[in-house]
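Colleague: I've got a model open and a few labels on it puzzle me. Could you walk me through how they were earned?

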Amino acid sequence: MPADCLFCRIIAGEFGAEFVAENEHAVAFRDINPQAPVHLLVVPRQHVSALRDVGNLNDNELRGMLDLSVKAAHAEGIDRGGYRLVTNDGADAGQTVFHLHWHLLGGAKLKNGFA
Ligand code: 5GP
Ligand code: ZN
């Protein structure tokens, strides 16, 4: 694990962050700057810099992220209304934390459009 990676440190429990949901392969916690009533970050325990390096996750780890996303949406009560998963890869997308994560957004009618 890179010693300076914020999400590795959160996963290691360094800041006492509360996980909304977790499993063997991933954790979900609230974004510090929420863009929707429910805004979670779904993060693999294994350090991978971005989606472009998803090949460094094995099938179980990737499946674990997807399963946890569904579980977290259910736990937050937004699975019936619907929700959105977004990942930013690289500078053009505005990625600021270089540990793969996707944003799980819901709890309101979300705006259309991605750019
Ligand atoms: P990105 O811009 O890389 O797609 O998303 C990074 C996200 O991490 C941002 O939405 C930002 O608000 C969130 N974030 C940055 N620092 C922290 C932190 O210390 N704790 C939490 N919970 N979220 C953070
Ligand atoms: Zn990391």
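**Labels and the reasons behind them**

Modeller: Sure, bearing in mind that this is a predicted model. At the start of H2, a side-chain oxygen of Asn58 comes to within 3.0 Å of the backbone nitrogen of Asn60.

Colleague: What makes that pair a polar contact?

Modeller: The cut-off for an N or O pair is 3.5 Å, and the Asn58 oxygen is within 3.0 Å of the Asn60 nitrogen, so the pair counts as a polar contact.

Colleague: How do you know how far H2 reaches against what is expected?

Modeller: H2 covers residues 59-75, which is 17 residues, and spans 24 Å from first C-alpha to last. At 1.5 Å a residue, 24 Å is expected, so the two are close.

Colleague: Why are the buried residues of H2 said to line one face?

Modeller: They are Glu61, Gly64, Met65, Leu68, Ser69, Ala72 and Ala73. Looking down the H2 axis, these buried residues fall within an arc of 165°, so they line one face. In general, residues three or four places apart point the same way because an α-helix has 3.6 residues a turn. The face turned away from the buried side of H2 carries exposed Asp59, Asn60, Arg63 and His74.

Colleague: And what do the buried residues of H2 pack against?

Modeller: Strands S1, S2, S3, S4 and S5.

Colleague: Why is the arrangement around the zinc ion (ligand 2) called tetrahedral?

Modeller: Its protein donors are Cys5 (SG), Cys8 (SG), His47 (ND1) and His99 (ND1), 2.0 to 2.3 Å away. Tetrahedral requires all angles between 85 and 135 degrees; the four donor atoms give 103 to 115°, so the name fits.

Terms used
Residues are numbered from 1 along each chain as its sequence is written. Chains are lettered from A and ligands numbered from 1 in the order in which they are written. This is a predicted model: local features need pLDDT of at least 70, side-chain atom pairs count only at pLDDT 80 or more; totals for chains, interfaces and linings use all residues. Side-chain values use heavy atoms; hydrogens and water are left out. Helices (H or I, at least four residues) and strands (E, at least two) are DSSP runs, numbered from the N terminus. Buried means under 20% relative accessible area, exposed over 50%, partly exposed in between (1.4 Å probe, protein chains only). The arc is that of the directions from the helix axis to the C-beta atoms. Contact means heavy atoms within 4.5 Å. A polar contact is a pair of N or O atoms within 3.5 Å; within protein, one must be able to donate a hydrogen and the other to accept it, and residues adjacent in sequence count only if both atoms are side-chain atoms. Donors are N, O and S atoms within 2.8 Å of the metal (3.2 Å for Na, K and Ca); water is not among the atoms, so sites may look incomplete. Four donors count as tetrahedral if all angles lie between 85 and 135 degrees; four count as square planar and six as octahedral if opposite donors are over 155 degrees apart and all others between 65 and 115; anything else is irregular.
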